[in-house]
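Colleague: Please pick one part of this model and take me through it closely. Start with a single residue and work outwards, with the cut-offs stated as you go.

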Amino acid sequence: MSANVQLLRGPNKMAKKGEVATTSNKAAVATMDINLFEQDAGLGNENVGQEDLALPFLKILSGQNDELDFVEGAVPGMVYNTVSGELFSGKDGIKVVPCHYNRRFLQWAPRGSGMKAPKAIFLTTDVMPETKRDKDTNKDMLTDSSGDYLEDTHQHFVLLVKEDKTFEAALISMKATQLKKSKKWNSMISSTVIEGKSGLFTPPRFSHMYHLTTLKESNDKGSWHGWEISKVGLLEDAGLYHAAKEFSRSIQADEVVVKHENESSVQTEASPF
């Protein structure tokens with residue numbers, strides 16, 4: 001015996017006897033307008049402060065990085081976003097807009113101690129503990145026999161610009177063998193001049209885009225992958241420029257929190273130091 005199936009096909013409509021009706025949501029679904037998002041901009045994030053956010057580190061994966069064991073597709077030489085988990089080809093590289101730079105000295109406990117964050121962070125103007133250079137590791141070891149060491153760290157705050165033209169704030173931390181690359185990048189930025197109405201002038205740090213790729217390097221202590229930096233050119237997107245300017249302002253106002261535990265357990269280099 002056949003069932004007499006009656007399903008709603010729409011408002012106040014019944015299926016005919018013996019006919020299996022289908023439902024339609026066309027009348028119930030309103031077209032989403034991007035203006036709705038704009039009208040409600042920021043709602044739901046009222047209690048989210050900088051201390052609740054994680055600034056991504058963009059780091060080069062090398063032989064000692066744990067990510068090589070658990071991130072699918074990760075190989076040495078790739079660039080890794082520590083928050084999103086995105087991987088970028090070292091050969092193709094990434095494009096970034098440098099927004100701000102500072103130098104810090106981080107005091108680390110000995111490896112294997114379980115400490116995932118620096119024990120102290122010093123500004124260049126601070127009084128720092130006495131250190132002595134270790135010839136074997138090239139580390140600046142504290143002379144108090146604690147086993148701690150100070151690491152000269154150059155921090156480049158950038159906007160990472162993706163292929164789809166979206167962008168996000170990130171931090172590129174350079175140390176050890178990469179300090180030379182950092183100084184070279186700073187020199188490239190500082191020596192840039194463009195001509196304006198009143199003659200030549202040095203534009204803001206965030207006026208240009210740069211292309212960062214990775215190359216294999218080595219010395220008598222080992223091999224690793226390092227940064228290779230080249231200038232792309234002046235920014236053409238006014239929205240990107242204003243975002244970079246605002247990011248720079250927020251860093252100078254101490255509104256950006258850097259959580260160094262994101263990168264403390266492994267080094268950028270394979271360990272030649």
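Modeller: I start at T214, which counts as buried because its relative accessibility is 9%. Buried means under 20% relative accessible area, exposed means over 50%, and partly exposed lies in between (1.4 Å probe, protein chains only). Two notes on the basis come next. This is a predicted model, in which local features need pLDDT of at least 70 and side-chain atom pairs count only at pLDDT 80 or more, while totals for chains, interfaces and linings use all residues. Residues are numbered from 1 along each chain as its sequence is written, and side-chain values use heavy atoms, with hydrogens and water left out.

T214 belongs to strand β14. Strands (E, at least two residues) and helices (H or I, at least four) are DSSP runs, numbered from the N terminus. A polar atom of the T214 side chain sits 2.7 Å from the backbone oxygen of G77. That is a polar contact: a pair of N or O atoms within 3.5 Å, where within protein one must be able to donate a hydrogen and the other to accept it, and residues adjacent in sequence count only if both atoms are side-chain atoms. Neighbours within four places in sequence aside, T214 is in contact with I60, G77, V79, G90, H225, G226 and W227. Contact means heavy atoms within 4.5 Å.

Take I60 from that list. I60 sits in strand β3. At 0% relative accessibility, I60 is buried. Opposite I60 in β4 stands V79, itself one of the contacts of T214. β3 and β4 (residues 79-81) run antiparallel and are joined by three bridges. Two strands pair if DSSP finds at least two bridges between them. The order β3-β4-β5 makes an open sheet of three strands with antiparallel pairing. β3 (58-60) and β5 (87-88) are the edges, each with a single partner strand, so one side of each has no neighbour in the sheet. I60 also lies 9.3 Å from N81, C-alpha to C-alpha, across 21 residues of sequence.

Now W227, another contact of T214. With neighbours within four places left aside, W227 is in contact with L58, I60, V79, I94, I172, M174, Q178, K181, L212, T213, T214 and E217. W227 belongs to the largest nonpolar core, which has 18 residues; I94, W185, L212 and W227 touch the most other members. A nonpolar core is a set of buried Ala, Val, Leu, Ile, Met, Phe, Trp, Tyr and Cys residues joined through side-chain atoms within 4.5 Å. Two or more residues of the largest core come from each of β3, β6, β10, β11, α3 (179-190), β14 and β15 (222-234). Another core, of 16 residues, lies apart from it and includes L171, A244, F247 and V256.

A244 and F247 lead to helix α4, where L240, A244, F247, S248, S250 and I251 are buried. Down the axis of α4, these residues fall within an arc of 165°, so they line one face of the helix. The arc is that of the directions from the helix axis to the C-beta atoms. H242 and Q252, on the other side of α4, are exposed. The cover over the buried residues includes β6 (94-108), β10 (149-161), β11 (167-175) and β14 (208-219), so named here because DSSP runs define the elements. At the start of α4, the backbone nitrogen of G239 has a side-chain oxygen of D237 within 2.8 Å. Just after the helix, D254 has a positive phi of about 60°.

β10 is worth a stop. It has 13 residues, and 13 of 13 are buried. Both of its faces are covered. β6 pairs with β10 in the antiparallel sense over 13 bridges, with R104 opposite T153. β10 and β11 are also antiparallel, over nine bridges. There, V158 has A170 as its bridge partner. Five residues separate the two strands in their hairpin, where K165 takes a positive phi near 75°.
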